[in-house]
Amino acid sequence: MNEYQITFFVDDANASAYVAQPLRLLAKKFKSTIRIVNITRNRTAKLSQSVAMLQAGLVNGDLCQITAFGIDAELACFVIKDIIAERFTLIGAHINYEFSSQLTKRLPQICPPSEIKWHYAKAHTELTKFECLKGLAQLIYPHEPDELILAFIKREERSSTCVAPGIGLPHVMFADIDHISVAVISSESPIPWESRMGEVHLAIALVMPAKPSREQIISATNLTRNLLCDQLPERLLRTKNCIDLQALLMYSMSRLLP
């Protein structure tokens, strides 16, 4: 069974007091396991518990998810979303595009300190590692990807870029660019990554300028360090909506998570 999510941003911590009881009562009506996950503070609680919102510890600026897993999980999220939307900022609401700068314009509060160009694709066939690296390069440089493909391959030859179970982070510095590019390929089929951590389902390419600015270094460092935590990799792998996925990546590049 799939997990379904509602991703939201807390811009009024007092809203927790208004939604706690309605959310608890709704959660009890469904057969699925429904939780609230505070990604910022690494806290999780079952939504059916009376103290769930207190345990989650929502504070202004937190990025959170309601997660549902079970036979009626999709319906649960559909119903609960209306309550969340009344008091919090839904990430994927009224958006029908894939990775885009439009999300950064709508949600500047979760943006990294430097400009980033975003790219995304979902694999519809099984991929080898080389095919995945080639696809990432083509997302970033669709007309002249060859040099970037070579740079990815050389980086992998030094050591595997699998940073967490299920997640690869091929990263290189590249001449003639002045911004960070992030490209993501998600795959339901495992991609062999020649790593002790196993296969990859989410490949995140991070391409930096050859001479990065301080803000660019901070953005990249935040991402790499946050991927070493337990909760962020799990949330990235489980999040199916690509807009929510972009939001998690943006947020993880904007600050260090506990």
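**Exercise 1. Describe the lining of the largest pocket in this predicted model.**

Solution.
- Step 1: Start at the middle. The largest pocket has 30 lining residues, and Glu3, Gln5, Thr239, Lys240 and Asn241 lie nearest its centre.
- Step 2: Add the volume. The space in this pocket is about 700 Å³.
- Step 3: Assign the lining to elements. At least two residues each come from β1, α3, β6 (116-122), β10 (180-191), β11 (200-209), α8 (231-238) and α9 (242-254).
- Step 4: Sort by class. The lining holds 13 nonpolar, nine polar and eight charged residues.

**Exercise 2. Find which element gives the largest share of the lining of the second largest pocket.**

Solution.
- Step 1: Take the volume. The second largest pocket holds about 190 Å³ of space.
- Step 2: List the lining. Its residues are Glu3, Thr33, Arg35, Val37, Thr44, Thr67, Ala68, Phe69, Gln231, Glu234, Arg235 and Arg238.
- Step 3: Map them to elements. Two or more lining residues come from each of β2 (33-38), β4 (63-69) and α8.
- Step 4: Pick the main contributor. Helix α8 gives the largest share, four residues.
- Step 5: Check the classes. Three lining residues are nonpolar, four are polar and five are charged.

Glu3 belongs to this lining. Glu3 is also among the residues nearest the centre of the largest pocket.

**Exercise 3. Classify the aromatic pairs and place them in the chain.**

Solution.
- Step 1: Count. There are two aromatic pairs.
- Step 2: Take Phe8 and Phe88. Their ring centres are 5.0 Å apart, with 40° between the planes. Stacked needs under 30 degrees and edge-to-face over 60. The pair is therefore tilted.
- Step 3: Locate this pair. Phe8 is in strand β1 (residues 3-9), and Phe88 is in the loop between α3 (73-87) and β5 (89-90). The two are 80 residues apart, so the pair links distant parts of the chain.
- Step 4: Check burial. Phe8 and Phe88 are both buried.
- Step 5: Take Tyr141 and Phe174. This pair is tilted too, at 5.7 Å centre to centre and 35° between the planes.
- Step 6: Locate it. Tyr141 is in the loop between α5 (129-140) and α6 (146-158), and Phe174 is in strand β9 (residues 171-174), so the pair ties together parts 33 residues apart in sequence.
- Step 7: Apply the 20% cut-off for buried. Phe174 has a relative accessible area of 14%, so Phe174 is buried. Tyr141, at 22%, is partly exposed.

**Exercise 4. State which ring the charged end of Arg87 sits over.**

Solution.
- Step 1: Name the ring. The charged end of Arg87 sits over the ring of Tyr18.
- Step 2: Give the distance. The charged end lies 4.2 Å from the ring centre.

Definitions and conventions. Residues are numbered from 1 along each chain as its sequence is written. This is a predicted model: local features need pLDDT of at least 70, side-chain atom pairs count only at pLDDT 80 or more; totals for chains, interfaces and linings use all residues. Side-chain values use heavy atoms; hydrogens and water are left out. Rings of Phe, Tyr and Trp (its six-membered ring) pair if their centres lie within 6.5 Å; planes under 30 degrees apart count as stacked, over 60 as edge-to-face and the rest as tilted. Buried means under 20% relative accessible area, exposed over 50%, partly exposed in between (1.4 Å probe, protein chains only). A charge sits over a ring if NZ of Lys or CZ of Arg is within 6 Å of the ring centre and within 35 degrees of the ring normal. On a 1 Å grid over the protein atoms alone, a cavity is a set of points where a 1.4 Å probe fits but cannot get out, and a pocket is an open set with protein on both sides within 12 Å along at least five of seven lines; lining residues have an atom within 4 Å of a point. Grid points are joined across faces, edges and corners, and a volume is the space filled by probe spheres set on the points. Ala, Val, Leu, Ile, Met, Phe, Trp, Tyr, Cys and Pro count as nonpolar, Asp, Glu, Lys and Arg as charged, and the others, Gly among them, as polar.
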